[in-house]
Amino acid sequence: KQQTKNNTPPNAGIKQEDSNHIKTETIDKDSTKMEVEEEVELGTEEQKWVDIKPMPVPLSNVFPKYPYGASSIIHPGVLYHTTTEDVRTTTDPSTNMSTTTHVTLSFIVVKNDGNPQNFRLLTDLKNIFGTQLPKMPKEYITRLVFDPRHRGLMLIKNNAVIGGIAFRPFYDKGFLEIVFCAITGTEQMSGYGTYIMSHLKEFARRESLLVFLTYADNYAMGYFRKQGFTKEVSLPRDSWGGYIKDYEGATIMECVIHPSVNYLRIAQMIDKQREGVNEKINEIAKQSMVVHKGITKEKAELLSSSKKSIATSGGANGAKRRKVGGNGVGQRRKIPIEKIPGISESMYRLVQAREEARRANMEGLTATLRDALGKLKAHPSAWPFLAPVDKNDVTDYYEIIKDPIDLRTIEDRLDGGEYYVTKEIFIADVKRICMNCKIYNSPDTCYYGCADEIEKCLE
């Protein structure tokens, strides 16, 4: 709104210099002409408010020389600018025909520095936030988007802003705060949210802002997790507390970016890693596709040695009877597994080495637990727990204790060699002995006291 004299016609004193800029001319009492562009001083009581509605300007006319997505710097007010080509292939189910589309996407960062181009871009971004964030007050969105301390990262497609992020950088503290993030409703399933965050990371990396902070509600936490955010904040609270905006019902989240990673090439990096993994898999697969003859040779040797030991002899009735020698049929000969063709070339040796190491560890653990069990059995308070409870002496014991255990049972399990694979399992069984005793016996009994002493010994 501008001011003009009361006796002046509504549009007098207003001239349109061009489609992108509005100027106002006002004649004061001393007939002195003033040109006012943004703010007009309050006049006398004879002046009144007049609404100025400039003609709408299409986005394609904002930059007359370059459309959105130009490869060169659009104007000095742009802080960051890059373009990429989005190639998508769609298939029509009815005709089974594939169509490939090529769309140029532009990502730019601007701030409200008085430049009319930036002002129009920020206005479009503000409108997207207002539509996609209905619970956020429109006045609050407007104030933050146009705050000169904030920046706006915008995604431009087909000469239209379709989404972006409003953020505030804190250069002296090395982090930035993400205030708003939204994509227009028709493009939310296109994966552009990841594109925008990747470009924000690249912009921040170039500006040495290596930490992102934001407050996310339950609906946005999934998106931020996919972008590398976590609820564990490593930045000291005194570095950001009181500086960023706090929201009730939201969760603070942090993302730390690496200064040496180009976040615009993450997809290419993953493709290279996948290619390397596939090459290694194919290399191993070629070895696994070799077909060996198996143990046919060993079988032949076994049969030949068996035939030599077979003889015939006459029985009492004159019938011939087969006689089997010491290494003949009926005695199976063990073949070492490493002699089977192909076994030595496989992972058998590695698996065997691991199994041997596991057995060695088990033997050492078993020896340690046997020593501990011997000390427990020699303890003066261990006498009630040396053997299982006799149900003939204590008739209702097994009705109350559903998981009985004793030191003899523990020793039997140690003899098996495979039960106590960790010392924690052994300790749990000893603790269960004491717990069962305390469940069945009252605290004033000697058995209860013995259980206390064994627990102290275990500690």
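A nonpolar core is a set of buried Ala, Val, Leu, Ile, Met, Phe, Trp, Tyr and Cys residues joined through side-chain atoms within 4.5 Å. This report applies that term to a predicted model.

## Overall composition

The protein contains 12 helices and 14 strands. Of its 459 residues, 30% are buried. Among contacts between residues at least 6 apart in sequence, 61% join residues at least 24 apart.

## The nonpolar cores

In soluble globular proteins, nonpolar side chains tend to be buried together. The largest nonpolar core in this model has 29 residues, and the members that touch the most other members are Phe 167, Leu 176, Ile 178, Met 197, Leu 200, Phe 212 and Phe 229. At least two residues of this core come from each of the strands S7 (97–110), S8 (151–157), S9 (160–170), S10 (175–183), S11 (211–216) and S12 (251–256), and likewise from each of the helices H3 (192–206) and H4 (221–226). Helix H3 supplies the largest share, six residues.

Phe 167 illustrates how one residue meets distant parts of the sequence. Leaving aside neighbours within four places in sequence, the contacts of Phe 167 are Val 109, His 150, Arg 151, Gly 152, Leu 153, Leu 176, Glu 177, Ile 178, Val 179, Leu 200 and Phe 203. A second core, separate from the one described above, has 20 residues, including Ile 128, Tyr 140, Ile 156 and Phe 180.

## Two pairs of packed helices

Two packed helices are described by the angle between their axes and the distance between the axes. How do the axes of H11 and H12 cross? Helix H11 (residues 423–440) and helix H12 (residues 446–458) have axes that come within 8 Å and cross at roughly 160 degrees. Angles over 145 degrees count as roughly antiparallel, and H11 and H12 are therefore roughly antiparallel to each other. The crossing of H11 past H12 is left-handed. On the H11 side, the contact is made by Ile 427, Val 430, Lys 431, Cys 434, Cys 437 and Lys 438; on the H12 side, by Tyr 447, Tyr 448, Ala 451, Asp 452, Ile 454, Glu 455 and Leu 458. Sorted by class, this contact has nine nonpolar, no polar and four charged residues.

Helix H1 (residues 116–132) packs with helix H2 (residues 138–145) at an angle of about 145 degrees, and their axes are 10 Å apart. H1 passes H2 in a right-handed crossing. Leu 122, Lys 126, Phe 129 and Gly 130 of H1 make this contact with Lys 138, Ile 141, Thr 142 and Val 145 of H2. By class, the contact of H1 with H2 has four nonpolar, two polar and two charged residues.

## Selected single residues

Thr 104 is found in strand S7. At 46% relative accessibility, Thr 104 counts as partly exposed, because the partly exposed class lies between under 20% and over 50%. Thr 104 and Lys 157 are 53 residues apart in sequence, while their C-alpha atoms are 6.6 Å apart in space.

Two residues other than glycine, Asn 158 and Ser 208, have a positive phi value. The table lists their details.

| Residue | Phi | Loop | Relative accessibility |
|---|---|---|---|
| Asn 158 | near 55 degrees | between S8 and S9 | 60%, exposed |
| Ser 208 | near 60 degrees | between H3 and S11 | 53%, exposed |

Notes: Residues are numbered from 1 along each chain as its sequence is written. This is a predicted model: local features need pLDDT of at least 70, side-chain atom pairs count only at pLDDT 80 or more; totals for chains, interfaces and linings use all residues. Side-chain values use heavy atoms; hydrogens and water are left out. Axes are lines fitted to C-alpha atoms, for helices over the stretch in contact, and angles run from 0 to 180 degrees between N-to-C directions. Helices (H or I, at least four residues) and strands (E, at least two) are DSSP runs, numbered from the N terminus. Angles under 35 degrees count as roughly parallel, over 145 as roughly antiparallel, 65 to 115 as roughly perpendicular and the rest as oblique. A crossing is left-handed if the near helix is turned anticlockwise from the far one by less than a right angle, and right-handed if clockwise. Contact means heavy atoms within 4.5 Å. Ala, Val, Leu, Ile, Met, Phe, Trp, Tyr, Cys and Pro count as nonpolar, Asp, Glu, Lys and Arg as charged, and the others, Gly among them, as polar. Buried means under 20% relative accessible area, exposed over 50%, partly exposed in between (1.4 Å probe, protein chains only).
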